[in-house]
Amino acid sequence: MDKIIIEGGKTRLSGTVTIEGAKNAVLPLLAATILPTEGTTTLTNVPILSDVFTMNNVVRGLDVAVDFQESTNTIVVDAQGEILDEAPYEYVSQMRASIVVLGPILARNGHAKVSMPGGCTIGSRPIDLHLKGLEAMGAKITQLGGDITASGQLHGARIYMDFPSVGATQNLMMAATLADGVTVLENAAREPEIVDLAILLTKMGAKIKGAGTEVLTITGVDKLHGAEHQVVQDRIEAGTFMVAAAMTSGDVLIKDAIWEHNRPLLAKLIEMGVEAREEAEGIRIKSDLSTLKPVTVKTLPHPGFPTDMQAQFTALMAAVNGESTMIETVFENRFQHLEEMRRMGLHSEILRDTALIHGGNPLQGAPVMSTDLRASAALILTGLISEGKTVVGKLTHLDRGYYRFHEKLAQLGANIQRISED
Ligand code: EPZ
């Protein structure tokens, strides 16, 4: 098992950091590559993450050819010919995001079988909105023995989503591309990763309007063809480095970061007193920690403050003198990193969806355990500002969403290393 060891306390990050293609974009994009019956699909700027290998295996399990050329961050998918109806349990059970292959397989074959994704540590992660939407489009859904079976020829429908679920929006948008007639998704998710998926689907010949707004209109077509697409930059990786720079009185250029994808985070950083500037090459973050002010943040679906930045931002709140408040409205159990930070000396109270963080007290390094992907990043960032040695274990979570995270921090000046201890 690998561990990350940080000697923290006096870290001041400076320099330029590059970011990868977005994990939360490439996973649905890979699901979309199942749809074309003519030609092949090439994805570039693909991040090298464990979740990508898992999704590649899910798609390969449908008898689809997937070639991942890691040296060029490129995946070529050939879904021509017959594809299977059933996504392989062994891979789907590894990653709940696999559920977004349900819509494409059903749209393509008229029948699909995918194992029910489990919950995870941050929440129960239901998929009722995915299934309700597919039923509205004519699918017959049964759940038996942990599997979801869906069948039927899909037709257009007007669907109001109780919650702007990212995954449900992706599943339903992909299913609607081959349905008979027009589908309108209301209260749809608006994340940049939804827009990226709509761009690829449109390149494949789909007819989609309103991507990035709360109303998506998809007019079904008979078939789709292969396309080439560059995966959008990872706004959460970019945001993680912005927070790292802010909490270490750093001066960091996050190369190719996209300002409009990070507006809510940037607004909060600026409100605290962080200097954020859009430059030709990306976003530059400069700060003097001693001048930063505490803030209140509430996570919301895009364009609100992203829940995927919540844990990292609480690490910044822990560094800033004064009482900050974090309200997590999207997931029901996403404060576990605060329990671990308590071992490092953080004073905080959690009252249901609200965490009060008494920032600015000196923190001490400690061995800590990561419980989920973003918690891992948050604990590493906290180690940067904690006196002494911090050891972060269970890095399988981190490797799902960050590529060479410790190397990038080391290049910016952090005293950090990754060791393997079998
Ligand atoms: C995506 O998950 C992301 N994952 C998550 O990122 C991200 O936190 C989340 O969107 C919100 O932005 C990927 O893109 C692979 P949701 P998803 O459906 O699609 C409720 C990370 O750290 N809900 O928008 O599963 C659900 O309970 C990960 O990179 C229903 O009630 O998120 C939750 O409270 C973590 N019924 C809320 O919606 C449903 O049918 C958000 O879920 C679906 C969701």
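## Where the ligand sits

The ligand lies between two domains, because domain 1 (2-19 + 233-420) and domain 2 (23-230) both give residues to the shell around it. Those bounds come from an automatic or database domain assignment. Keep in mind that this is a predicted model, where local features need pLDDT of at least 70, side-chain atom pairs count only at pLDDT 80 or more, and totals for chains, interfaces and linings use all residues. Residues are numbered from 1 along each chain as its sequence is written, and side-chain values use heavy atoms, with hydrogens and water left out.

## Who lines the pocket

There are 22 residues around the ligand, and Asp-128, Leu-129, Ser-165, Asp-308 and Val-330 come nearest. Being near here means having a heavy atom within 4 Å. By type, the shell splits into 10 nonpolar, 5 polar and 7 charged residues. For that split, Ala, Val, Leu, Ile, Met, Phe, Trp, Tyr, Cys and Pro count as nonpolar, Asp, Glu, Lys and Arg as charged, and the others, Gly among them, as polar.

Four helices, α1 (23-32), α5 (128-136), α6 (166-176) and α12 (373-384), each put at least two residues into the shell. The largest share, 3 residues, is from α5. Helices (H or I, at least four residues) and strands (E, at least two) are DSSP runs, numbered from the N terminus.

## Polar contacts to the ligand

Oxygen atoms of the ligand pair up with protein N or O atoms in a few places (a polar contact is a pair of N or O atoms within 3.5 Å). A polar backbone atom of Gly-167 is 2.8 Å from a ligand oxygen, and a backbone N or O atom of Pro-126 lies 3.4 Å from one. From a side chain, an N or O atom of Arg-374 sits 2.8 Å from a ligand oxygen. On its own the ligand exposes 820 Å², and the protein buries 86% of that (Shrake-Rupley method, 1.4 Å probe).

## How the domains meet

The centres of domain 1 and domain 2, taken over C-alpha atoms, are 31 Å apart. Their contact (heavy atoms within 4.5 Å) takes 23 residues from domain 1 and 19 residues from domain 2. About 1,800 Å² is buried between them, with carbon and sulfur atoms giving 51%; this is accessible area (1.4 Å probe) lost on being put together, summed over both parts. On the domain 1 side, Arg-235, His-302 and Arg-400 lose the most area to domain 2, together 30% of what that side buries.

His-302 turns up again in the backbone: a cis peptide bond joins His-302 and Pro-303, with omega about 10°. Pro-303 is in the loop between β17 (296-298) and α10 (310-319).

Technical notes. A polar contact is a pair of N or O atoms within 3.5 Å; within protein, one must be able to donate a hydrogen and the other to accept it, and residues adjacent in sequence count only if both atoms are side-chain atoms. Buried area is the accessible area (1.4 Å probe) that two parts lose on being put together, summed over both.
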